[in-house]
Amino acid sequence: MKQSNPLVACIAGAMLLFSTQANAQLKTPEGSQRAQVMQRVGITNITIDYGRPSVKEREIWGKLVPYGYNNLGFGTSTAAPWRAGANANSTIEFTHDVKVEGKDIKAGKYGLHIAVKEDEGATIIFSKDANAWGSYFYDEKDDALRVDVKTNDIPHTETLTFLFPRYEANSTIAALRWEKKEIPFKIEVNVKDIVMKGIKSDLRNSPGFTQSNWDSAANYAFNAGELDQALEWVNASISGAFFSKETFSNLSLKSRILAKQGKMDDAMSLVDKAAKLGTASQVYQLGTGLIGQGQKDKALVILKNNVKNNNGAWPSNFGLARAYSATGDYKNAIKSINVAMTNAPERFKPRLTGALEKLKKGEDIN
């Protein structure tokens with residue numbers, strides 16, 4: 001058996017150690033710490049990752065951050081915008097397609113750059129090169145989108161901060177704040193289309209094997225005003241598939257869809273079927289929903305039966321009081337609410353007491 005040479009083994013070990021040490025990176029704090037901020041709009045996540053320099057009594061705009069596009073003396077770019085932070089690329093990522101300042105941009109991760117102007121304006125640049133170091137290698141051929149925005153004067157912000165100061169159901173404002181300048185830009189999301197597309201895809205996969213998911217899909221479509229799609233999905237929950245069955249939830253939902261479509265007779269026949277399957281609280285919700293639809297007489301019938309079928313459970317008596325009140329029968333409404341008061345948990349009694357006082361004044365409690 002061949003013997004190993006101790007000297008060769010020693011040299012090889014030393015070389016390996018040297019190689020390991022040469023490639024090892026020490027972990028020390030960055031001068032400008034990294035930060036990340038995320039805002040969800042609908043089901044779309046918007047994430048900004050950036051380095052956070054501080055003012056430190058320096059002149060920022062036009063000095064530390066030059067206006068416009070500049071040759072930074074390093075890298076390949078001769079007309080580089082600001083990297084919108086410190087050190088490595090600032091990036092922004094969208095999990096779905098969005099609009100920025102009214103312009104389309106695809107889902108994905110982008111390098112985020114800003115060309116600051118002298119006249120209280122700025123150009124926000126979204127680069128398809130999200131992995132570059134700062135903007136030293138910026139190339140406008142990689143631009144996915146440019147948008148022009150107005151800047152705002154703000155109180156002093158010592159450390160550069162990205163945030164989402166305002167958001168709504170379908171949009172948000174992202175903003176960079178540093179020193180005494182804010183650079184905001186609006187991001188819009190087509191929430192309904194994204195969610196509906198996602199639901200259609202999900203129902204063709206494993207989530208589509210669970211009945212409750214079809215109910216949830218139909219509920220979303222109904223609330224989004226997509227009545228035909230809502231009806232298709234709730235029908236699948238009710239019949240036609242191995243998981244389908246009639247429940248209070250899907251029958252009552254289908255009744256609301258049909259009522260919204262103006263098919264009131266069909267809607268009311270489903271109300272009767274649903275009421276037989278519901279708990280006292282569910283039928284209470286069903287009946288008060290009918291009051292809201294203007295179906296006062298039908299609500300009275302449903303809520304009278306709710307009292308009979310649930311041994312006078314307090315929600316059923318409160319619901320009946322609301323039905324009597326809706327029809328102007330305050331005398332019987334007072335009787336029903338007094339019965340509800342005897343069985344209701346303490347935490348609900350203030351609400352019932354308030355309703356009783358209104359009834360005594362001849363005021364509707366709906």
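Below is a friendly exchange about how some features of this predicted model get their labels.

User: Why are helices α4 and α5 called roughly antiparallel?

Analyst: Let's start with the angle. The axes of α4 (residues 227–238) and α5 (residues 248–260) cross at roughly 155 degrees and come within 10 Å. Angles over 145 degrees count as roughly antiparallel, and therefore α4 and α5 get that label. As for handedness, the crossing of α4 past α5 is left-handed. On the α4 side the contact includes Leu227, Ala230, Leu231 and Val234, and on the α5 side it includes Leu251, Leu253, Ile257 and Leu258.

User: What makes up the contact of α4 with α5 by class?

Analyst: Nine nonpolar, three polar and two charged residues. Lys counts as charged, and Lys254 and Lys260 of α5 are among the residues in this contact.

User: How do you know that α6 and α7 are also to be called roughly antiparallel?

Analyst: The reasoning runs along similar lines. Helix α6 (residues 264–275) and helix α7 (residues 280–292) have axes that cross at roughly 160 degrees, coming within 10 Å. Since the cut-off is over 145 degrees, α6 and α7 are therefore roughly antiparallel. This crossing is left-handed as well.

User: Which residues meet there, and what are they by class?

Analyst: From α6 come Met268, Val271, Ala274 and Ala275, and from α7 come Val283, Leu286 and Leu290. By class that gives seven nonpolar residues, with no polar and no charged ones.

User: Why is Ala84 called buried, while Asn87 is called partly exposed?

Analyst: Buried means under 20% relative accessible area, and partly exposed lies between that and 50%. Ala84 has 0%, so Ala84 is buried. Asn87 has 21%, so Asn87 is partly exposed. Ala84 sits in the loop between β2 (44–51) and β3 (91–94), and Asn87 is found in that loop too. Each has a positive phi without being a glycine: near 60 degrees for Ala84 and about 65 degrees for Asn87.

User: What makes Gly121 a buried residue, and what is it in contact with?

Analyst: Gly121 belongs to strand β7 (residues 121–127). Its relative accessible area is 5%, and under 20% means buried. Leaving aside neighbours within four places in sequence, Gly121 is in contact with Val116, Val149, Lys150 and Thr151. Thr151 is 30 residues away in sequence, yet the C-alpha to C-alpha distance is 5.2 Å.

User: Why is the pair of Trp61 and Trp178 called edge-to-face?

Analyst: The planes of Trp61 and Trp178 are 85 degrees apart, with 6.0 Å centre to centre. Planes over 60 degrees apart count as edge-to-face, and centres within 6.5 Å make a pair. Trp61 lies in the loop between β2 and β3 and Trp178 in strand β10 (residues 171–188), so the pair ties together parts 117 residues apart in sequence. Both rings belong to buried residues, with 10% relative accessibility for Trp61 and 2% for Trp178.

User: And what makes the pair of Trp314 and Phe348 tilted?

Analyst: Here the planes are 40 degrees apart, and the centres are 4.8 Å from each other. Stacked needs under 30 degrees and edge-to-face needs over 60, so the pair counts as tilted. Trp314 is in helix α9 (residues 314–326), and Phe348 is in the loop between α10 (330–343) and α11 (349–360). At 17%, Trp314 counts as buried, whereas Phe348 is partly exposed at 27%.

How values were computed. Residues numbered from 1 in each chain as written. Predicted model: local features only at pLDDT ≥ 70, side-chain atom pairs only at ≥ 80, totals over all residues. Heavy atoms only, no water. Axes fitted to C-alpha atoms, helices over the stretch in contact; angles between N-to-C directions. Helix = DSSP H or I, 4+ residues; strand = E, 2+ residues; numbered from the N terminus. Parallel < 35°, antiparallel > 145°, perpendicular 65-115°, else oblique. Left-handed = near helix turned anticlockwise from the far one by under 90°. Contact = heavy atoms within 4.5 Å. Buried < 20%, exposed > 50% of the residue type's maximum accessible area, 1.4 Å probe, protein only.
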